[in-house]
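I opened this model to look up how its strands are arranged. My notes are below the display.

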Amino acid sequence: MLTNKNILLGVCGSIASYKSAHLIRLLVKAGANVKVIMTADATQFITPLTLATLSKNPVLTAYYNPESGEWHSHVELGLWADLILIAPASANTIAKMASGICDNLLLAAYLSAKNTVYFAPAMDLDMWHHPATQQNIAKLQSYGNILIKPAYGELASGLTGEGRMAEPEDIISFLTGELKKKLPLTGKKALVTAGPTYEAIDPVRFIGNHSSGKMGYAIAERLEQLGADVTLISGPTSLRSSANIKKIAVTSADEMLIAATDNFGDADITVMSAAVADYKPDTVAPQKIKKDSGSLNIALTKTTDILAQLGKRKKPGQLLIGFALETEHEEANAIAKIKKKNLDFIVLNSLNDKNAGFKGDYNKVTIIDRQLNKEYFELKSKVEVADDICKKIVALMAHD
Ligand code: CTP
């Protein structure tokens with residue numbers, strides 16, 4: 001959630017500023033780019049060198065550095081930041097923020113901020129409960145600034161009460177939760193199938209296909225990044241999915257049918273990208289088949305079309321997306337599948353481009369929806385194709 005986010009951290013004069021070092025460490029570890037502005041008082045509590053080393057950026061304490069002649073533009077800093085975090089926020093800085101006083105670089109950057117400002121107060125309990133502080137906090141909230149509440153506990157004064165700055169770990173999970181709320185698919189459940197299925201012939205042999213699962217895994221990852229709660233039903237592949245994705249490993253079409261049926265009921269979005277075997281051996285030989293004669297015939301029986309089954313059970317508000325792999329009459333066949341399987345849209349894979357398809361990292365697709373709108377895409381990496389597919393999903397969910 002914090003990867004590649006530009007975070008401008010404001011550090012005020014407070015004993016809690018020692019926690020800023022750990023906070024910066026956690027932000028950087030989470031992949032954020034961190035720039036730090038300290039007030040003059042903050043530098044009495046912790047050295048700029050410590051915070052510069054941890055943030056991997058020079059720490060700014062004033063508009064102007066007389067030694068280097070460098071001028072720091074508060075406007076540029078405000079524009080650079082995806083979010084401003086003031087932690088610890090002292091009673092003094094909170095009061096200045098509330099009344100628009102601009103007597104240092106941090107306050108100028110705050111007034112220039114375009115994006116959300118989060119502030120984590122730190123002060124003694126009586127200062128925290130003072131009506132002036134509470135009024136200032138309410139004012140900041142009315143400006144759209146977001147309070148990260150102080151905790152209850154032992155304070156530097158020796159008193160016990162409310163006023164301790166939230167712990168750095170809690171600040172990180174607060175920010176992560178806030179950023180997640182803003183994602184377009186937060187609160188939505190997604191179900192994705194991926195990979196091949198293996199249909200057993202005997203204990204050592206199977207009928208399978210060349211699907212790598214890369215397309216389905218990329219879709220699952222992208223849906224998760226967009227905030228969805230993702231369940232991935234995967235046929236046999238060597239791929240790994242991120243820890244936030246619930247993975248159900250299956251082998252055969254029958255197992256995939258059970259897992260998909262079990263999880264479809266509460267799925268808002270279902271993407272069936274698995275290359276499910278259309279036929280399976282009539283019976284599975286209990287022992288390894290010996291090579292007795294010159295030829296061997298294996299009787300096959302049709303597997304259940306999982307996508308078509310889900311299409312029959314689909315309720316209003318559920319999105320169902322299928323794939324089609326065609327070698328002739330591509331669009332006509334794909335459109336027929338939209339109707340036959342009750343899909344919201346279909347992703348038509350082309351086999352006409354030699355770099356696209358099953359095993360590799362690239363794909364070339366056409367998206368066709370129920371209204372027969374068609375979007376033709378260039379040859380792209382499967383990660384980029386997943387992004388195109390998910391953009392269509394987000395657009396349809398917003399329309400719903
Ligand atoms: N599919 C499925 N269950 C099956 C076969 C296919 O859920 N037993 C799904 C695939 O995951 C894909 C879509 O159906 O989303 C289309 O698969 P495809 O093989 O292109 O088409 P079929 O409907 O199987 O028809 P045909 O093979 O005759 O083209």
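These entries cover the sheets and the helices that lie on them.

**Entry 1: the parallel sheet.** I worked from a predicted model. I looked up an open sheet of 5 strands, and its pairing is parallel. I read the order as E2-E1-E5-E6-E7. The edges are strand E2 (33-38) and strand E7 (146-147), and each pairs on one side only.

**Entry 2: E1 and E2.** I checked how strand E1 (residues 6-11) is joined to E2. I found 6 bridges, with the two strands running parallel. For a single pair I took Leu 8, which stands opposite Lys 35 in E2. I then looked at what lies across these strands. Helix H3 (residues 48-55) lies across both E1 and E2. The direction of H3 is at about 165 degrees to E2.

**Entry 3: the mixed sheet.** I turned to an open sheet of 8 strands, with mixed pairing. I noted its order as E14-E13-E10-E15-E18-E19-E21-E22. Strand E14 (246-249) and strand E22 (374-376) are at the edges; each has a single partner strand, so one side of each has no neighbour in the sheet. From one strand to the next, the twist averages 15 degrees.

**Entry 4: E15, E18 and a helix.** I followed strand E15 (residues 269-272) to strand E18 (residues 319-326). They run parallel and are joined by 4 bridges. Ile 269 has Leu 319 as its bridge partner in E18. Helix H13 (residues 330-340) packs on this sheet. H13 touches E18, strand E19 (345-350), strand E21 (365-369) and E22. I logged about 150 degrees between the directions of H13 and E19.

Note on methods. Residues are numbered from 1 along each chain as its sequence is written. This is a predicted model: local features need pLDDT of at least 70, side-chain atom pairs count only at pLDDT 80 or more; totals for chains, interfaces and linings use all residues. Side-chain values use heavy atoms; hydrogens and water are left out. Two strands pair if DSSP finds at least two bridges between them. Contact means heavy atoms within 4.5 Å. Axes are lines fitted to C-alpha atoms, for helices over the stretch in contact, and angles run from 0 to 180 degrees between N-to-C directions.
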